[in-house]
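Trainee: Please put the model up, and I will ask about its strands and its overall dimensions.

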Amino acid sequence: MSKTWIKNALIINEGRKYIGSVLINQDKIQAVYEGQCPQEAEESGDEIIDATGKWLIPGCIDDQVHFREPGLTHKANIGSESRAAVAGGVTTFMDMPNTKPQTTTIEALEWKFARAASTSVANYSFFFGGTNDNMAEIRKLDRHRVPGLKLFLGSSTGNMLVDNKDTLEKIFSESGMLIAIHAEKEDIIKRNIAHYTELYGEDLDISFHSKIRSAEACYASSSEAVNLAKRLGARLHILHLSTAQELTLLDNSLPLKDKQITGEVCVHHLWFTDEDYARFGNRIKWNPSIKTSADRAALREAVNNDKIDIVATDHAPHLLAEKQGSCLKAASGGPLIQHSLVAMLELAKEGIFTYEKVIDKMAHKPAELFHIDRRGYIRPDYYADLVLIDPEKAWTVSPENILSKCGWSPFEGYTFHHSINTTFVNGKIVYQEGKINEAIRGMEVKFN
């Protein structure tokens, strides 16, 4: 079988930068050389890629995407969004359960695995959704096939609110799985809606979104879940943290492998603030909402000091037509996966993060947090999920180069200063200089 040498790249991996070369043998990394690649080793490769001037990193792992299939495929599907993923340097995704039908039965989960096997160019897995009445299905899950359970502890897209206290106690005490939560307190959100609509009417503009889905609503729900997890010994992962206050619930005194409570931040909460609503409008309407510049600063610091464990996207496409209207009517969510890595590299270029930290939070730590089998690092015998970055090639986001099916991005018109040159999935080139290799299919990832 063929072997491929990637030589003379600047390798960014495990907190280090060095010039080196990587030998790919079939779907895995066979060897990693630091410095000059030995001549006899180089001659063992069937294909040689001279990566001089480029960076080589492990492929990013996104633990929170909504690829909308089945049931919502007018705006996205596993095929289209996996192509956007690899164009953005993301080689593995974990899809969320709020589709139609919801992924709350074994049958619905198996359908998604089969669909991804036939259409996804990236590696894949799927969260299983917890509801008020599907504990019997949860008990049947193969823990090596799913990253965890997803619970909505505040209403969001898909109407999967889990609000039965007995059910929550049972899931937290009996599931034996990582529990990933969307944490916003429903009664606080309803109270805020009533307050602002009484004052200003129903036609509230986007500036009210962060007042309605407030920091108070986030912290109340997150803290409740943390207390429940600690009391019942559950493994809890808080998705899309958006407030400074929630960071008090997290601990950076322990290594990740010893943490019971972990946290994720999404790129949009690290990039935008509520001051940006005036410019971007509903295009930056997410749940949880974009908060203040002080919240953003705290989230950035928490990435740097390891209170926050991973950076993801909450990639959630909608058609622009669905993003119209008042803040009570416009859909929440937007496409991000194609631009998440370059956006984080842009923040690193500005000195907000180091490049090593970006790779740690987008590749290494997701692999470690979810115990993914042999991915997320550049190491011998690991799957060859790799990305070559051109650090000198600036490019501007436009509808013509957006691969998400919805056809827009909150980054439209922005010029990034790093570009994704080549993406390898399981040792095969799946994306190179703007072109997708349609013959490639990703693999179902396994969890140890």
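Trainee: What is the order of the strands in the open sheet of three strands?

Mentor: This is a predicted model, where local features need pLDDT of at least 70, side-chain atom pairs count only at pLDDT 80 or more, and totals for chains, interfaces and linings use all residues. Residues are numbered from 1 along each chain as its sequence is written, and side-chain values use heavy atoms, with hydrogens and water left out. Strands (E, at least two residues) and helices (H or I, at least four) are DSSP runs numbered from the N terminus, and two strands pair if DSSP finds at least two bridges between them. The pairing in this open sheet is parallel, and the order is β6-β7-β8.

Trainee: Which are the edge strands?

Mentor: An edge strand here pairs on one side only. That applies to β6 (60-65) and β8 (123-126).

Trainee: By what angle are neighbouring strands of this sheet turned against each other on average?

Mentor: Axes are lines fitted to C-alpha atoms, for helices over the stretch in contact, and angles run from 0 to 180 degrees between N-to-C directions. With direction ignored, the average turn between neighbours in this sheet is 20°.

Trainee: Which helix packs on the sheet?

Mentor: The helix touches β7 and β8, and its direction makes about 170° with that of β8. Contact means heavy atoms within 4.5 Å. The helix is α3 (residues 106-119).

Trainee: In β7, which residue is the bridge partner of I61?

Mentor: β6 and β7 (residues 90-95) pair in the parallel sense over four bridges. In β7, the partner of I61 is T92.

Trainee: How many bridges join β1 to β2?

Mentor: Strand β1 covers residues 3-13, and β2 covers residues 16-25. One pair of bridge partners is T4 and I24. The two strands run antiparallel, and the number of bridges joining them is nine.

Trainee: In the hairpin of β1 and β2, which residue takes a positive phi?

Mentor: The hairpin has two residues between the strands. The phi in question is near 55°, and it belongs to E14.

Trainee: Which residue in β4 stands opposite W5?

Mentor: β1 and β4 (residues 47-50) pair in the parallel sense over four bridges. Opposite W5 in β4 stands I48.

Trainee: Why is the chain called as compact as a globular protein of that length?

Mentor: The chain has 13 helices and 20 strands. The radius of gyration is taken over C-alpha atoms, and the globule rule is 2.2 Å times the number of residues to the power 0.38. For 448 residues the rule gives 22 Å, and the chain counts as that compact because its radius of gyration is close to this, at 21 Å.

Notes: Buried means under 20% relative accessible area, exposed over 50%, partly exposed in between (1.4 Å probe, protein chains only).
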